[in-house]
Amino acid sequence: MATMYFRATSLAVSSRAIHYSSQQSSNILKLQEQISSGIRVSRSSDDPVAYQRITALQSQRMTLQTSDYIITDAETKLNIGVSQLREIHSLMTSARQLAQSGVQATSDAERQALAVEAEGVLARLEQLANAQQSGQYLFGGSRYTEPPFAFARPTTPGGTLETNYKGASQVSSVVIGPGTKADVFHPGTDIFYQNQRGATVLYGKSGAQTGTGTDTLIGRATLQVRHTGTVFAAGSGIATGTSSLGGDTILGPAGRHRIEVIDTSGTGAFGTVSLNGGPAVPFDNSQTNLEVSGRNGERIYVNTTAITAGFSGTIDITANGTLSVDGGATTTAIDFSANQIIRDGNSGKMATIDSTNITFTGDDYLEFPGTANVFQAVFELVQDLKTTRDLDDSQLAETLGRKLGELDRLSDKVILNVGIQSTTLQGLEQLKFRNQDLNVEAETLQSNLQSTNLSEAIMRLQNEMTLQQYTYTVASQILSQRLLDFLQ
Amino acid sequence: MFQYSIGLTALRGNQFAIDSVAHNIANANTPGFHRREVMMSARADYRIDGRIIMGGMDIDRIRSIRDGILEASLTNSVGETALISQQLQTEQTIESLFASGTGSLHERFAKFFTELSQLSTDPNSISQRSGVLFQASQLSDQFRSMSSQLASAKNQTRVQIEQEVKNLNFLLQDLSTIESRMRVAPTGHVPNDLIDQRDQVVNQIAEIMGVNRNELVDDGLGLNIGGGRVAIGMVATQFEISNQNGELSLSIDQIGDGIIPGQGRLASLMDAYNNTFDHYQSQLDKLAQQFIREMNQSHAKGIGSAGPFQFLSSNNPVTRTDIPLSQAGLPFPVEAGDLYLNVTDASGNRQTTKIAFDPETQSLADLASAISATTGVQAVVDAQTGQLNLFSNPGYKFDFTGQLETIPRLTTFTGTSTPVISGQYSGSDNSQWRVEIVGSGEVGVANNLLARVFDASGGLVKELNIGVGYEAGQPLTIADGVSLQFNSGTVVGGDEFTTDLVANSDTGQLLSALGLNSLFNGHDAYTMVVNSEITSHPDRLATAKSIELGDTTNLLKMVNLQTDLTVDGKASFEQFLGNVTTEIGSRVRITISIETQLQQVKADLEKQRDAVSGVDLNEEMIQMSRYQKAYEASTRIFSTIDAMFNDLINILG
């Protein structure tokens with residue numbers, strides 16, 4: 001049986017040489033590209049799965065780098081915020097010490113000196129409240145483009161520092177990446193304000209007492225108890241003096257105050273009058289504005305020009321008045337009831353007053369514990385050290401004691417916010433480290449996926465080049481080795 | 001004397017054989033050449049006067065050495081290889097468009113979102129806002145550029161198809177001519193060179209559109225294309241491109257329905273034109289559409305540092321304002337749902353109005369009427385432009401943030417106290433709360449004064465003490481981040497009010513469909529562009545939900561879109577783009593692999609054909625030597641006969 005041989009033609013030889021040489025050149029070109037650029041996967045078809053992963057890693061790294069920038073920015077802001085809060089806390093500790101010293105002070109001069117120091121603390125606190133970083137106010141929440149706090153000295157006597165918070169109630173966050181944010185600017189109200197209203201305290205001699213309602217006034221206020229009119233029961237002929245309106249210091253419904261009139265002349269020409277059992281005051285029928293004081297120092301002005309002839313007896317007095325917590329701008333008629341609502345016309349806030357036992361006019365002092373903010377608390381401390389209110393030593397000690405408690409609570413709130421922001425900082429720091437780790441990991445993975453394994457590529461290049469040399473040599477040998485040579 | 005004629009046949013025959021060898025050597029490197037072989041035969045003996053006379057030799061024919069099956073396989077392989085090679089070119093073009101790297105769509109996406117995140121460090125900064133808008137512009141430019149390049153590549157493909165068809169028609173003309181010449185060849189003469197030429201042309205046709213060839217007797221060849229539907233050969237069939245609904249096919253001699261080639265470059269080009277480019281264009285458009293829609297939907301529900309609006313105009317016009325919106329030609333579908341419109345008065349009091357809308361039954365004009373029923377806002381439909389224009393009345397502003405209304409609806413509330421809602425609703429569903437007052441008197445003063453909060457289904461959410469113990473004006477936490485406060489004043493037992501809680505202010509996706517307060521205009525990759533109103537007023541970039549300049553709530557929602565699975569609910573934008581890139585990369589990789597295999601198969605077939613039909617110079621040299629020796633021997637016949645004659649004459653002499 002004849003054996004079939006495969007006919008190898010010169011065209012076949014040269015075609016094979018060209019075919020394999022082209023293939024090898026293509027491989028060499030690719031390897032050259034890989035070695036020169038250092039990149040193994042430069043297009044999707046090189047390794048589709050690896051390419052997708054590389055693209056995702058590139059995007060991830062870009063996101064991580066941006067996150068890093070945002071974290072650094074947030075850290076800067078938070079660090080400054082924490083630093084300012086620490087100083088605020090330190091100032092509050094100083095204020096607390098001043099309050100303690102005030103409690104122990106034995107003279108007004110000593111307290112005045114402490115007040116001067118406390119004013120310095122307050123001034124610094126007011127500065128820090130509007131601290132900023134690159135034009136962004138640290139304590140304005142999401143409204144950080146304008147100073148969050150405006151302070152004004154009280155316009156009403158005995159009032160507290162007017163603190164106008166113009167910031168937002170919403171925290172401002174930076175977006176670190178999808179689904180990740182960090183709170184940077186906290187609202188000042190969350191840091192410097194407290195809302196632990198306690199029972200309202202009232203110091204005064206008018207007889208007013210706190211009502212049972214829940215007050216809304218902040219810090220402190222002066223309750224002005226004023227006289228608006230006196231009415232005498234009929235029969236005696238006595239009438240109000242020309243200075244009665246505003247001059248009388250008594251208040252109360254009929255019967256709370258009484259005046260005794262004794263016409264010693266029998267014609268109403270002269271006699272004596274006595275208020276609430278106080279000293280008898282002589283009168284005659286020419287007096288239109290006779291001052292009569294009671295045994296507790298209360299006084300009224302009466303007109304004795306028309307005393308009923310022969311009248312001797314005691315008659316009831318009705319003395320009406322008003323209450324005000326805004327320096328008289330808004331007044332409320334006293335109705336001698338248990339829960340009178342007295343509003344501050346400026347702020348709309350109110351206090352409930354039990355006016356049942358109001359007996360005298362005067363200024364009473366209201367304190368609303370647990371409502372003052374950091375600045376108001378220090379301001380009030382200054383006022384107390386300056387003894388601007390007519391309080392006795394025990395009342396002053398009591399109010400300073402309360403102030404100590406408030407400063408403690410407010411200080412705790414500040415330090416709590418230091419903790420919150422420090423925790424955020426710590427979280428950011430960890431996130432930053434994690435991002436850096438992830439970035440390195442992504443970079444490594446990307447490099448592993450994308451970069452050329454140089455030793456492998458060079459060996460493969462060497463191999464391809466050798467093969468190509470063989471291809472040329474073999475083709476050359478085969479094509480040159482012709483029968484013709486042997487025939488010659 | 002007859003020996004002379006025998007010698008003559010030998011001389012002629014061997015000379016002819018040497019010519020044949022020379023022809024083979026001359027065409028040793030001619031593509032498609034089939035070597036020739038001289039078929040010799042002995043002339044038959046005959047008798048004259050009882051003697052046997054030998055006739056010498058004859059050249060029967062020149063045989064072209066060919067294997068019909070191999071030729072058919074090779075032609076088939078040529079068509080397949082051309083198809084795949086062309087397909088590879090198309091896919092590599094698309095692959096390069098979808099490649100990642102500097103300036104790529106991948107990078108543009110990443111940069112846009114990182115710039116958006118970075119804006120949160122200072123949302124009020126106009127330069128940072130401009131930075132975001134620049135990246136948004138770069139992103140839309142890249143979308144448009146890719147779309148244009150895909151369209152351009154498709155158009156270029158059409159030009160190529162036309163050129164290929166032209167070439168095909170020329171080749172068919174050539175084929176027809178060759179076939180005609182073959183038919184008129186003298187009987188018994190095999191037109192080998194014409195056969196070779198025909199094979200060459202057939203393979204060139206196969207490269208263009210694939211050919212099925214069947215070897216017939218008498219060197220005939222049955223050729224058909226288009227899956228056997230069209231026979232070619234004698235008649236110079238002419239192809240034309242026909243276009244039906246944007247899909248190209250071939251028609252023959254201006255008749256018949258379309259033929260889609262199965263092989264060859266045309267098959268690949270037509271597939272690229274009819275399917276491949278459209279597929280990737282649609283993927284790109286899908287990505288752009290989803291991105292525009294989702295980003296606009298988020299953007300529309302926020303406000304910029306410029307705050308709420310006094311005027312807004314829809315950017316996506318409707319074809320008619322009085323037909324149901326679902327039929328009005330909006331670029332994005334609208335579903336039945338609720339639209340929550342916030343209106344803020346000059347005092348900063350904000351109220352929410354819920355507008356229920358069904359696009360299957362309501363028109364744009366109906367929507368305008370519903371909006372105009374809201375205090376402080378008017379909606380006007382422009383029938384000419386098909387746009388919806390929203391205006392606020394003096395002192396009012398509006399938005400679609402879904403922020404809590406500051407003052408609830410006090411329709412049955414008679415007290416002097418003012419209830420105020422505050423906070424940020426964190427619930428996941430839209431709802432409505434009803435607050436019922438129990439007891440009468442002064443807030444914070446009276447005893448047994450309660451506010452009971454009920455949800456939409458009547459369930460008690462919270463009971464709040466607003467009597468003694470409650471400080472009027474202080475917010476009381478209800479639930480889901482919402483607080484309620486009662487300012488100083490009185491409340492009356494039995495009074496009630498309601499407020500809307502909005503998690504999604506546009507459940508029917510009406511805002512993005514209409515293009516109200518949109519960040520991007522357009523509806524696909526080519527038309528996508530940043531809204532020029534936002535570009536010229538960067539403070540309208542809606543980063544916030546509130547008027548606070550540092551509010552980054554909406555910014556976070558937009559940034560979250562980077563990783564949200566928004567495309568078909570399965571992939572983020574970048575993942576989808578990555579998937580498309582991987583898909584085309586995989587296709588290229590597979591095609592390269594197939595092409596390599598097919599090239600190998602083609603090379604093997606060519607090798608086999610060369611083994612049969614190719615010219616081996618060594619072989620030819622041997623043949624030449626053989627015929628030369630035979631020729632020499634033939635000449636010796638004459639000298640021998642001559643010597644024989646001389647000897648004979650000498651005998652006579």
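**Group meeting: two residues, two cores and the strands of chain A**

Good morning. I begin with a contact in chain B: the side chain of B:Gln263 makes a polar contact with the side chain of B:Asn76, at 3.3 Å. Please keep in mind that this is a predicted model.

Where does B:Gln263 lie in chain B? The residue belongs to the loop that runs between β10 (255-259) and α6 (264-300) of chain B. Its relative accessible area is 17%. The cut-off for buried is under 20%, so B:Gln263 is buried. Setting aside residues up to four places away in sequence, B:Gln263 touches B:Asn76, B:Gly79, B:Glu80, B:Leu83, B:Ile208, B:Met209 and B:Gly210.

A second glutamine of chain B, B:Gln128, is part of helix α4, residues 126-183. B:Gln128 also counts as buried, at 17% relative accessibility. Not counting residues up to four places away in sequence, B:Gln128 touches B:Gln118, B:Leu119, B:Thr121 and B:Asp122. For a sense of distance, the C-alpha atoms of B:Gln128 and B:Val443 are separated by 47 Å, and these two residues are 315 residues apart along the chain.

I turn now to the nonpolar cores. The largest has 79 residues. Among the residues with the most contacts inside this core are B:Phe98, B:Phe109, B:Phe291 and B:Leu388. Which element gives the largest share of this core? It is α6(B), with ten residues. B:Phe98, leaving aside neighbours within four places in sequence, is in contact with residues including B:His106, B:Met146, B:Tyr280, B:Leu284 and B:Ile584. A second, separate core has 55 residues and includes A:Ala129, A:Tyr144, A:Val418 and A:Leu431.

A:Ala129 brings us to helix α3 of chain A, where it is one of the buried residues, along with A:Arg111, A:Leu114, A:Leu122 and A:Glu126, among others. The helix covers residues 108-129, and its 22 residues reach 30 Å from the first C-alpha to the last, close to the 32 Å expected at 1.5 Å a residue. Viewed down the axis of α3(A), the buried residues fall within an arc of 145 degrees, so they line one face of the helix. Which exposed residues does the face turned away from the buried side carry? They are A:Ala109, A:Val116 and A:Gln127. The cover over the buried residues of α3(A) includes α2 (48-104), β3 (149-152), α6 (374-385) and α7 (393-450) of chain A.

Finally, the strands of chain A. Strand β9, residues 219-232, has eleven of its 14 residues buried, so it is largely enclosed by the rest of the structure. β9(A) pairs in the antiparallel sense with strand β20, residues 362-368, over seven bridges, and A:Leu223 has A:Asp364 as its bridge partner there. β9(A) also pairs in the antiparallel sense with strand β16, residues 312-324, over eight bridges; in that pairing A:Val225 is matched with A:Leu323.

Elsewhere in chain A, three strands form an open antiparallel sheet in the order β8-β19-β18. Why is one side of β8 and of β18 left without a neighbour in the sheet? β8 (209-210) and β18 (340-343) stand at the edges, each with a single partner strand, so one side of each has no neighbour in the sheet. β8(A) pairs with β19, residues 350-354, over two bridges, and A:Gln209 stands opposite A:Asp354.

Thank you for your attention.

How values were computed: Residues are numbered from 1 along each chain as its sequence is written. Chains are lettered from A and ligands numbered from 1 in the order in which they are written. This is a predicted model: local features need pLDDT of at least 70, side-chain atom pairs count only at pLDDT 80 or more; totals for chains, interfaces and linings use all residues. Side-chain values use heavy atoms; hydrogens and water are left out. Two strands pair if DSSP finds at least two bridges between them. Helices (H or I, at least four residues) and strands (E, at least two) are DSSP runs, numbered from the N terminus. Buried means under 20% relative accessible area, exposed over 50%, partly exposed in between (1.4 Å probe, protein chains only). A polar contact is a pair of N or O atoms within 3.5 Å; within protein, one must be able to donate a hydrogen and the other to accept it, and residues adjacent in sequence count only if both atoms are side-chain atoms. Contact means heavy atoms within 4.5 Å. The expected span of a helix is 1.5 Å times one less than its number of residues. The arc is that of the directions from the helix axis to the C-beta atoms. A nonpolar core is a set of buried Ala, Val, Leu, Ile, Met, Phe, Trp, Tyr and Cys residues joined through side-chain atoms within 4.5 Å.
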